[in-house]
Each structure stands twice: as C-alpha cells, then as structure tokens.
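Colleague: I should like to go through this model with you, from its overall composition to individual side chains. Please give the reasoning before each result.

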Amino acid sequence: MQEKLVSRLETELGTTMSLRIASALTQEGLRSGDILALLDELEDISAKVARAAVSALPDLESRKCLSLIIPWLDVAVTLAGSSGATALKYLKDSPIILGVIEPENQRAAVLARGLEIAEQDANVALEFLRTAPRLSAVLPASHVGPWLEAAVELTQADVVVGLEYVRQIPELVPVLQLDDVRDWLAFGMKLVTPNTLGKPDYMATMEFLRTSPAILKDVEHLPSRSKVVRLGTSLADRSPEIGITWLSESPRLLRDLPSGEWQMRVLQHAALLAERDADATLAFLRRCPEVLGLIGQGAEAVSRFSEWFKTGMEVLAYSSEGARAYFAVESGRALSAVEQALSGVSLRQVSRKVKLFVQGLCGTDVAIVPLPDSVAAPAARASVSADGRTIALPALLRRYSSADKNERLYLVMAAHEAGHLEFGTYRLRLDALRDVIEALWERYLIRDRRFPVSLAALFAFYPHPKLIRDIWTVLEDARVEHRLRTEYPGLSRDLAQLADEAIVARNPSHGLTAKELIVDCLLKLSSGRSEESSVPYAVKQEVSSIWRLCDPVFKPDTTAEELVRVAHKVYVRLEELLASKAEMISGDRTEESSQDQGAGPAASEESGEPYRPVTNWEYRGELNPEFVTGHVERTDKSRPQPETQSRGDAGASNRNEGGQADRSSADHSLTGDLMTGGRSLPSSIEELLSLESRHGSEEQAVTGERTILYSEWDHGIRDYRVNWCRVIEKPAEAGSDDGVAETLASHRSMIRSLRRVFESLRVPASRRLSGRSDGEDIDLDALVRRTAEQRAGLEGDDRIYIRREKHDRQVAVAFLVDVSGSTARQVDQGRRVIDIERESLIVLCEAMEAIGDQYALFAYSGQGRRMVDVHVIKDFGEHLGPLTAARLGGLGPRQQNRDGAAIRHAIVKLKSREAKTRLLILLSDGRPLDGEYKDEYSLEDTKVALREARQSGIDTFCVTIDREADQYLRRMYGEVRYTVIDRIESLPARLPLIYQRLTA
C-alpha cells in the first residue's frame, strides 16, 4: 500500500518528496490505506481539491503536523462536500494554522471541533480554524462548541456577521461568561437597520462586534458587565443609537460611581427605567455619578438615592419628556429633588442670606458666587475677587451632618472674607512700607530695585517667598479674625469652634523641616491654642521668641501695613534662629521630593521645594497678595458685576432647540467615535445648585458683551428647563445715521406735536400743598380764616402752612423690538417692516425725551437657545445722542426670535431700575419662531414669561403688526394687554400715543 501511496503522491510532489512523506507517515504509525481512501474520497468530490491536499503535504510535514493527516483530510472532505472554494482555502491555510497552535496537544482537538462545525457550516468551520491559534490560548477546544453554535445561527441571518463573531470569540472569552453571550449577540443584532433599498444593513452590528469586547473589558467590576450588556439590549430595543451610546460611555460612567455595589444598584434602577424610556435612562446614567457625589456615602445615601429615583418615575408616569429633563437635571423639579437628596447645604439655598449678612458686616454690595469645581473638591477655600466686589464660596458644604451647622459655616466663611474687605487687607498701601522694602534691598543685596507693584512682588524679594507668604497669611488671618470677634461678638463662638475643629497639624514624622514645624505652631497659636498643647519641645524656645513678636496682631488698632511689618520681623527672626542649624538656605531650590503630609494643613503637592507651604483652614479662605497693589480702592457702594465661571450647555447635548428630546439623536451615529468613547453630558449640577432657580447669572464678560442664562418654560413637562437659554447682551451695531436725519425731517410736524403732548405729561418737580399742619411757608389765606374764626370765639383751624412735596413720575420703560428675519418683508412703497420699526423708534425717542422718563431700547433675535442676541440700542442711563442714532441706523433684519428669553432679560433690566412704575412694551411682527421653538411650545413659554413680568410688578403691553395674529394672540397675550396694528405705516404715529395712554 505504501508503494500505491508514493505513486499517488508522485504526480504532484515528485519521487523524492513522495518517498519522504510516505516514510514519515510510516514512522508516525499511520496506515497508507486509510490515507489513500480519504484521498480517493476527496478525488470523487473534486479532483482539484484532491490535488491541493497532496500539494499541501510538504508544508504539513515541515510544520511537524503529519501525524494529524487523517483528521486533517477528514475536515477537507467534509468542507469539499459543502464548498470546494472553502476546502481549497482550508488546505492552503491549515498547515500554518496548525503549526502555531500551542500547546501541541490542542491541535487534534481543534481539528475534531472543526470537523463537527464543518458538518453544520463550512464557512464557520474555516473561520474557527483560522481563529484557533488565538482562541486556544484562552479557551480549550473541547469548550468551544457552545460558543460556535451561536455562530452557526448567525450565519443563517448573515454570513459576514457570523464569521465576524467567530473572529471576536478570543477577545470575548476573557470578558463575558458564556451565559451572557446570547444577550451580547442580541444587543448587536438590534443595531441592524434598513438601508436605502429597504434591505438589512449590518454595518453597525459589525462595528459593535469588533469594538464592544474592548469596551466591556474596561468595565472593571466583573459582575457589572453582564448588566451593562442586558441594559444595552433593552435600550437598543427602543433606540439603537442610545443603546450603543450607553455601551461606549459605560466604562467611564461606572468608574465614576463610588463602588461596585453602587454600580449594581444603579444598573438595576436603570433596567427598570429602560423598560419605559431610553432617553430618560441615558440621562439617568449620565447624571448618577454627580448625584451620588452630592448624596454622599452616609447611612441615608441609599434611601436618598431611591427617593430621587422614585420621584423621577412619578414624573415619567405623566410625561416622558418630563422624565428626560428630570434625570438630566434640567428641570426645576429635578433641581429641587437633588437639593432634597444631597447631604449638605448648597450655596443656592443660602446665597441671599449670606449676601445680606456680608452687606450688614462691611456695608458693601458684594456678589456671592460659587467656586469652580467646588463640589468635587471638598477642601475648596473661599476667595475674594481682584476688584473686591465678589466673594466666591464652595457650591456645596457638607462638613457637618446638620444643615444648620453647614449654613453657619457658610456665614463664617463669608464673614472671614468680608472681614478682609472691611479691615483693610486689600487696601494696604505699599508706599507706607518703603522702609521695609529698602531694608530688604540692603539685607539681601537686591540689584533690581524697582518698587514692587503688588504685595506678591514685595514677597519675591525674600529668599523664601513661600515662607514669608505663609507667615503673612497666618498672621493676617489671625488679625482679621480677632477684629471679627471683637466687633461682632456673635461670631466669636462659631469662629472658636471652627478653629478647634478644622486645624489638623502636619505630622513631624512625615519629614517636616524646622521652618515648616514653626509655621505650623504659629498657625495653632493664632487660633487661640496654648503653647503647651501646640508647640513641640524641640522648637519651644524658638517659637516662644517668635510668638512674642506677634503681639500687635491681637491689638484692635493694628493695620494691614503694620501686620506686614510684623510678618517681616518674624521672617527675619526665624532666619536668625535657624541660621546656626543651616536651615535657611540662599533661596528656593528644586532638589527634594515632597512627602505625604497627611490631612489638615497639608504639605504642598509641589515636589522639590525646600519649604512646603501649609494649607489653611477651609473657613479662613485663600489670601491673594497679588491683589494687594496699593493703588486702587477695592470696594465701593456701587453695584458689583458678578464674576462667575464659564458654564456648559447644562446637559443639552442631546436636546433640540424646542426643549424636546431628539429621538433621532442626530449628534450620534451607530458607528465611529461612539464606539471608541462617546460623549457625556457636561457637568452642570454644581452650577445649578449655586444659582437662582429661574434666572441664571452672568457667565462671563467679554468686551461690550454680557452673557446670561435663563430658564425656559416647557409646557410638555409642565416645568422650567433650568438655565436653558443663553442670552448675549451686546451693543447694537452702528450704521449710518442718514436715515435718522431723514426720518426726523419727514416727520417734523408729527414729532413737534408729540413733544407738546408729552411735555404736558411732565409733572412739576414739586407741587404746592396748602392748609397743612406743618410746612416751609405760611398759608396767608388759612391764617386770615383762623384769625377771623378766633375773633368770632371759635378755636380756629391750625392748618396754616404750605408744604412743597416733591413729585416725580418715576417711570421706567423697556422697549423690546423683534428684528428677526421676517422684518425684511416689504409692505408698501418698497419699505420693509424693519424700516417702519426704525422710524417708530426714532419718533418715540424724541417724544420720550420730552417727558423725561427712564427708557431703554432693545432689539432681539438669534439662532438657537444658546445664542439669543439682545442688541442694546439705548440702555437705561445712556443719553440720546449720536451713538443711539448710529445704532438705530444700523438696525436690520437678523435671524429668529425667541421671545421668552428676550422678555426675561428685559424683566431683569427693569427690576434693576428704581421706579414706581415699570413698563415693558414688546413690538413684534409675528409669532415666536426659533428652530424647534415654535407652535405650542413657543406660545406657552412667551405667555409664562409675560406672566413672570406681571408677578415682578412690571406692566406689559404687546404691539403686533401681524394681520393674521388673531389665530394665536389671545392664546399668547391673553393675560396681558395688547393691540394689533393692521396698517403698519401708522406705527410711527400710534406707538408714542400708546405709550402716552399707558403712563398717563
């Protein structure tokens, strides 16, 4: 039989190689007859495949796999029976594949498993064999069967998908249990979408199979992986886009949760929510890390979380949109629920009380704003702005379990910063310290003797700027705290209690230098602790000597300048005491490594500093010597301009302009970056907690611009979307004033007539009141009557004086003009709506100047909720002049009109004016329209905004020039006065007369 085998092989291999192969097979104990039988069987199926099998034998022999020739040929026969092409690929690739499978005893098992699969599906069997080298490293061949059964089923739907699954099994085995694979595959198959021809498109599924194992591997808590998959499957049932978005973001979101136990709890709640609404579930998952961070890890954390979730489910019962806004923390109810759930007190809850408290202390109108990122930073320290008009406090305090104590901590922190303002820390005059500066120049041989521009620059003259800065900070804080206790005894107890609780000195065993240890001792002594409890024996003598220099700190007449002198003396004395120990070196260097200094006043995280600064108590705040310039008065009685950090979209990335959830999720695709990281909602809860619930605060100030956030009413969820719109207030663009001059000339007689009418409304500066019991002058008529009555025997009326009473109209009015794109339409003689509006405003301004009322002109337009432009034509307090004329001349049609946001901004402007009568007049050419801000949504929001004006004591009147306005006006303006001007050309004459009637 061996000769027959050699003869059979010679045709393809030649005599030498055939003999070599036959000899090797004999040595392996294989019978030539069995091999010939398989070759004959293969020949019967396909002669080409049989020749390919013979041609592959040398390669098989070189890989030392001839011992496997029987099962190898069995697989080839089975594959050839299904597909000759597949069999040819197998015979070409398999020698290399078998040669790299380790350990070697797995090779036979792989072929046996391949034979089983080949009987079911040739393509799956071939792909399995190609994957076998990687697969055998993570899973024995004997265990592969159940994994491959799914592949056979998948190929019935789509061969390419089934084969891709086989390729990914080696990546999947270390990540998921076999029981979870079916769910994982179901997740992927839910991503199948119809293409333009109506046929299934498997592209997203293929991307899912390729990338999801790596994503799931990043979910570190193993039990959470299966729940991530099941949740994704549930979400994909309702929205494939949201399902895949969740998968891409899950590692990061779960990593941000406190523990594996919390991961499981959050995923369980999310599974319940996913059965009802996918968008709300994604919002819930994205916000959970922030919400749990606010709730904390106390004993009531679970119940607080459950209550927050339960409230959201109650909202979902009547409104899916409401639930989405709730779990994204975009609605007013959501914000209230977070406040109820959080452990601690938010700045938003106490900001007004703190503001009034600070004003009472220092008599200055100081703005209270949140510190950036202060929820995530538990030791965030209060600070004062560079202009001294703003105090920044942590957005959330939860040092104590009691809300009352946390509120008291807010007051003490604010009082400490107000104390620095009241007692002159930042009003320090550097020129009063010239002797100290000159002494520094001489002592340290300073060559560059330019006078310092700030206290920080003065500290830079010292060899150790950080050391002198710490000494000054400790002593200046102590001076201010002593003054607070003296001037306001009610604060004394709280200050003492906080000082006792907050101070945790650095541990000397952590490698403190003598300088650092002494500064720590000064810190403890400045809080009122005794030397016995505060000073280690090793530095007792040095500390006692230095502490005696600090006596002026606790004298009520010590000024900020004198305190700097004390700090200088302490530094010099410390330098002298430690000189013998070589502690004071020539200057700060970067040679040493910073050590962990423990809690409390901890070492700086900066490495390589010979002196490591301390961190003061949280309630004392952060002093900034850079702000002490000695040239500018830092506080005054004027109204502050708040400084706040930039804010994001408040979780709006997956919402459209009308406040509705965008079910198409246009920002997300099923492929691409979502599978490699995705996006998340920007952090905004901290910002919301520090703001008023309806109107946000100024985001930032750009030259000539102010950006403010406002809430918007969503009638669908029956709640406000908090900080939903961004209004950008900017000066109106200037244009040519030629049109203004032409209008004044063409309407000269009308303007003259209107001025006379409006001048008649102007009341005298004072009015004469006769017959008063007291006053500045004698009322002669009353005196004569009294004398006659007395002579007639009557008592007589004693009201014989004249009093002049100041009388003022005290009217403030804001004119809000719609300059959306629709004002470009022509109405008569080629004139546009915007041209007639401009003429009306010009005539109105002339009339308003005659009456003397406070007035402002604003034009509004924009594009989307994040860009609502309010153009200031004339602000309150500005005089009518060339600038206003130029701005009126530059008025032109722009984009869309989001009435609600513009009205709310006008309300804020009017509320800032001191007037008995406040009036808002809205001039519009049609219904509100801004992308998705339309129909019911826009009408209801505008209606609520006008209601807010009335609740704020502002009268409103709406003028529209839309001839078809009856369809919606009663719905939108039903609660306020309005009029429709059907002939727009009459607007210039009618608008001033409307104002006259409103204010007469």
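Modeller: The answers below concern a predicted model.

Colleague: How many helices and strands are there in the protein?

Modeller: The chain has 1000 residues, of which 54% count as buried. Its secondary structure comprises 39 helices and 21 strands.

Colleague: What share of the exposed area do carbon and sulfur atoms supply?

Modeller: The protein exposes about 42800 Å². The part of this area that carbon and sulfur atoms supply is 47%.

Colleague: Which percentage of the contacts with a separation of 6 or more comes from residues 24 or more positions apart?

Modeller: Here a contact requires heavy atoms within 4.5 Å. Among contacts with a separation of 6 or more, residues 24 or more positions apart account for 71%.

Colleague: What is the distance between the end C-alpha atoms of helix H29, and what span should its 20 residues have?

Modeller: Helix H29 covers residues 560-579, and 14 of its 20 residues are buried. At 1.5 Å a residue, H29 should span 28 Å. The end C-alpha atoms agree with that expectation, because their separation is 29 Å.

Colleague: Is Ser 94 buried or exposed, and which backbone oxygen does its side chain reach?

Modeller: Ser 94 belongs to helix H6, residues 84-100. Its relative accessible area is 4%, and the cut-off for burial is under 20%, so Ser 94 is buried. At 2.8 Å, its side chain reaches the backbone oxygen of Tyr 90.

Colleague: Why does Arg 107 count as buried, and which residue has its backbone oxygen 2.8 Å from a polar atom of that side chain?

Modeller: Arg 107 is placed in helix H7, residues 106-118. It counts as buried because its relative accessibility is 5%, where burial means under 20%. Leaving out residues up to four places away in sequence, Arg 107 touches several residues, including Arg 63, Lys 64, Cys 65 and Glu 102. The backbone oxygen that lies 2.8 Å from a polar atom of the Arg 107 side chain is that of Leu 98.

Colleague: How many aromatic pairs does the structure hold, and what is the angle between the planes of Trp 308 and Phe 327?

Modeller: The structure holds 21 aromatic pairs. One of them joins Trp 308 and Phe 327, with 5.7 Å centre to centre. This pair links distant parts of the chain, with Trp 308 in helix H17 and Phe 327 in helix H18, 19 residues apart. The pair is edge-to-face, and the angle between its planes is 90 degrees.

Colleague: Are Trp 308 and Phe 327 buried or exposed, and which aromatic cluster contains them?

Modeller: Trp 308 counts as buried because its relative accessibility is 2%. Phe 327 also counts as buried, at 0%. The cluster is formed by Trp 262, Phe 284, Phe 305, Trp 308, Phe 309, Tyr 326 and Phe 327.

Colleague: Which ring does Arg 865 lie over, and which ring has the charged end of Lys 874 over it?

Modeller: Arg 865 is 3.7 Å from the ring centre of Trp 724 and lies over its face. For Lys 874, the charged end sits 4.1 Å from the ring centre of its partner, Tyr 855.

Colleague: Where does Ser 736 lie, and what separates its C-alpha atom from that of Gly 889?

Modeller: Ser 736 is in the loop between strand E10 and helix H31. With a relative accessibility of 43%, Ser 736 counts as partly exposed. Ser 736 and Gly 889 are 153 residues apart along the chain, and their C-alpha atoms are separated by 5.2 Å.

Note on methods. Residues are numbered from 1 along each chain as its sequence is written. This is a predicted model: local features need pLDDT of at least 70, side-chain atom pairs count only at pLDDT 80 or more; totals for chains, interfaces and linings use all residues. Side-chain values use heavy atoms; hydrogens and water are left out. Helices (H or I, at least four residues) and strands (E, at least two) are DSSP runs, numbered from the N terminus. Buried means under 20% relative accessible area, exposed over 50%, partly exposed in between (1.4 Å probe, protein chains only). A polar contact is a pair of N or O atoms within 3.5 Å; within protein, one must be able to donate a hydrogen and the other to accept it, and residues adjacent in sequence count only if both atoms are side-chain atoms. Rings of Phe, Tyr and Trp (its six-membered ring) pair if their centres lie within 6.5 Å; planes under 30 degrees apart count as stacked, over 60 as edge-to-face and the rest as tilted. A charge sits over a ring if NZ of Lys or CZ of Arg is within 6 Å of the ring centre and within 35 degrees of the ring normal. The expected span of a helix is 1.5 Å times one less than its number of residues. Accessible areas come from the Shrake-Rupley method with a 1.4 Å probe; for residues, only the protein chains shown count as cover.
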